[in-house]
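Work through the following exercises with the sequence and the model at hand. Each task is followed by a solution in steps.

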Amino acid sequence: CLTRLCSPLAEKTGKVLGEFCRCYREQYGVALFNSVRYEIEGNGGPQAQLLHRKVPLEDHVIYSGNIFQYIEENKKWRNRFCVVPHNYGLVLYENKLAYERELPPRVLINSAGYKVLTSVDQYLELVNSSLPGVTPKSGHSPILKCPTDFPLILWHPYARHYYFCVMTGKEQEKWRAVFQDCVRHCNNGISEDSKVEAPAFTDAIRMYRQSKEQYGTWDMLCGNETQVLSNLVMEELLPELRTAIGPRLKGKAQERQRTWIQISDAVYRMVYEQTKAQYDAAMAKCEQERPQMESTIRTDMDQIITSKEHLASKIRAFVLPKAEICVRNHVQPYISSILEALMTPTSQGFAEVREVFFKEVTDMNMNIVNEGGLEKLVEYMEKLSHLAFHPVKMQSCYEKMDQLKLEGLQQRFDVSSTSVFKQRAQIHMRQQMDDAVYTFETLLHQELGKLQGKDDLCKSIQRILERVLKKYDYDSSTVRKKFFREALLQITIPFLLKKLAPTCKGELTKFQELIFEDFASFILVENTYEEVVLQSVMKDIMQAVKEAAVQRKHNLYRDSMVLHNSDPNLHLLGEGIPIDWGEEYSGQPEAESAADKRRRAKQVVSVIQDDEGVLPYEVGAEELLQPGSPEPREPKEPEEELDPGAPPSSPDGVEVIREALAKESLGEADVPSRASVQHTTPPSPKPRADVPSEAAVPHATPAASPAPGAETPSPSAGTACHQPSDKETGEEVASPGGQCSPPQPTSTTESGEGVQTEF
């Protein structure tokens, strides 16, 4: 069935990408012009008072611990040691020993676009809705059975799903916080440092969707550019695919659901491959033309600006009267309600950030008084420096945004979900926390050489804390006001464009003749029209935010309160070498081994502590999950290969597994041979040539061989451990010669001979 559909799917994908790339090329010239104009004219906002850490978590691990994963290929639950590095990729090892011995990981997961579920019922509801008309009858076994009462499921509308579970509710909450942090970070995959490519891409996405009459927010603007584009294609492909394949699926309802998930994942991979190739080609062409375009912009900047202003005046005369009426009748009455709905949870979240930071520093100061001086300070500062990236400690801040509701307003303004605003506010919270922590540790580091005794140290910590909190209050006010303005525009502008489209959009073509041909790459009628619509509502939005600041209800500074260079020497300190408290003040002259440094880095930010007691599944995992094993087994021979077309199912004897999980095991954990490790990676825009375990391969079948040019991991134990790239999105997957090969549902043996690629 998929084989017959491969060519039509590739054709449809190519058509969608062709239209998008045309939009991207148009928006690229506009974004380049705006970037050069901003560089020349400058229009900076208030100066930040806190320092910004340039490399927040390089060479550090955010979280690590044991978790069970359900392996679909062999229908079994397996113990895994999960590590979350600084790039927020979920990296799953066979066990902790495999991680410490630097063996390659079993699985790497990029969580962009995923939802974290803590209930099987939640999951089944989403699965049932993904394939209408296919719902298991009451009393029949569901698609997934969990051996404990504490599942954790990563669900994606198009890609493969991942199933985990733990033993206690406390662990479940911790892992949920970790997974949500990974999703939050990976969703924010388009770099804001790019002043041309990023705005060109997001504007092209918006223009393309508006050309299909799709206004409002879009939940699947998640991940890097290739992932977002793949989601865009799948949004159009999936209904057609469901209609074509759904009626042909055979078997019980659960089997059809499993097969559908596999098919969707396989198509998503095929789309990803084609999308990456086509988008990279469009990017390369724009980059090739950039020097000439930039030269023209710099030479003719004044003429381009004059031409654009003339076009804007004509469009404004035509559009503004209609836009103002629409704003007055349909938007203005609701601005204050939207703003209040946004402000309450957001301000509570930032207040919680302030409280958590204050408490952590105050506790550290009290412990230094009670326990010792500089030695304890170093220990606590190493932990404090990663506070913003501690999923559990920051969870109380992030949870405040769960209160965000746009009751009634959400449907009126075509806001599909508030998750876009929640995640954006949470990212701002994390950044403000890290800025406060970095400023604190920079100022404290400067003072250490001048202090004498423990009392001086404690007084200095308190003084610096108060100083940093004042800076935080100012910066958090600036960040929140900007967030409120952007969110209001993001809600109201698509609504206005949709309202005005019937009377205005068809008339825009007549304005094209007002643009000189030489400047047509930098001035677009559609963009200028949107700017005019934005101006029609911007005054009301600015006024609403200003009035909110005057009320001081949410601890916002007035716009007139501007601090310029209040601490001119502070920003010079931020340009220095990053502080490493452990190396600088540990008092250990001998060099630390790479293995010890790797282990210490993990312990700094690990949430589950290894000394809390031996968990039932922390040792002897393989024996525990397969009751009746008489003794620890030697590394396994490759198992019988599974049928690639066979749908995965839940393990038999769930009650037996549940009982086994509850038992204590005192045996030693099996140490798998390097050859028995299964490696699963998602597609990455930047594959690392120095990592042999990230071989670029087609979608795997049992005992798949690497693609041409891909390295095969050596079985030697001394091989360096795989380190995920900064954009942990997996690896590029391309069919040889660009030919379309029918995607197959993944199936690998537990022995790991098959190399599997995962999103």
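**Exercise 1. Positive phi**

Determine whether Glu213 is buried or exposed.

Solution. Glu213 has a relative accessibility of 56%. The classes are buried under 20% relative accessible area, exposed over 50% and partly exposed in between, with a 1.4 Å probe and protein chains only. Glu213 therefore counts as exposed. Its location is the loop between helix H5 (197-211) and helix H6 (225-245); helices (H or I, at least four residues) and strands (E, at least two) are DSSP runs, numbered from the N terminus. Although Glu213 is not a glycine, its phi is positive, about 65 degrees.

The model is predicted: local features need pLDDT of at least 70, side-chain atom pairs count only at pLDDT 80 or more, and totals for chains, interfaces and linings use all residues. Residues are numbered from 1 along each chain as its sequence is written, and side-chain values use heavy atoms, with hydrogens and water left out.

Now classify Tyr88 as buried or exposed.

Solution. The phi of Tyr88 is near 70 degrees, a positive value in a residue other than glycine. Tyr88 is located in the loop between E2 and strand E3 (90-93). Because its relative accessibility is 2%, Tyr88 counts as buried.

**Exercise 2. Helix span and bends**

Compare the end-to-end distance of helix H7 (residues 253-299) with the expected span.

Solution. The expected span of a helix is 1.5 Å times one less than its number of residues. For the 47 residues of H7 this gives 69 Å, and the end C-alpha atoms lie 65 Å apart, which agrees. H7 nevertheless bends by about 45 degrees at Arg290, with a proline, Pro291, following within four residues. The bend at a residue is the angle between axes fitted to the seven residues ending there and the seven starting there.

Repeat the comparison for helix H8 (residues 301-371).

Solution. A straight helix of 71 residues would span 105 Å, yet the end C-alpha atoms of H8 are only 64 Å apart. In H8 there is a kink of about 50 degrees at Val331, shortly before the proline Pro333.

**Exercise 3. Aromatic rings and charges**

State how many aromatic pairs there are, and describe the one formed by Phe81 and Tyr99.

Solution. Rings of Phe, Tyr and Trp (its six-membered ring) pair if their centres lie within 6.5 Å; planes under 30 degrees apart count as stacked, over 60 as edge-to-face and the rest as tilted. The count comes to 21 aromatic pairs. Phe81 and Tyr99 form a tilted one, with 5.5 Å from centre to centre and 40 degrees between the planes. This pair links distant parts of the chain: Phe81 belongs to strand E2 (residues 76-85) and Tyr99 to helix H2 (residues 96-100), 18 residues apart. Phe81 and Tyr99 are both buried. Elsewhere, ring pairs join Phe20, Tyr24, Tyr28, Phe201 and Tyr279 into a cluster.

Identify which charged residues lie over the faces of Tyr398 and Phe318.

Solution. A charge sits over a ring if NZ of Lys or CZ of Arg is within 6 Å of the ring centre and within 35 degrees of the ring normal. Arg184 lies over the face of Tyr398, at 4.0 Å from the ring centre. Over the face of Phe318 lies Lys510, at 4.7 Å from the ring centre.

**Exercise 4. Residues far apart in sequence**

Find the C-alpha separation of Lys471 and Gln49.

Solution. Lys471 lies in helix H13 (residues 453-504). At 8% relative accessibility, Lys471 counts as buried. Lys471 and Gln49 are 422 residues apart along the chain, and their C-alpha atoms are separated by 5.4 Å.

Do likewise for Ser313 and Thr528.

Solution. Ser313 is placed in helix H8. Its relative accessible area of 31% makes Ser313 partly exposed. From C-alpha to C-alpha, Ser313 and Thr528 are 9.8 Å apart in space, and 215 residues apart in sequence.

**Exercise 5. The whole chain**

Summarise the protein chain by its helices and strands and by its buried residues.

Solution. The protein chain has 19 helices and 9 strands. Of its 759 residues, 52% count as buried.
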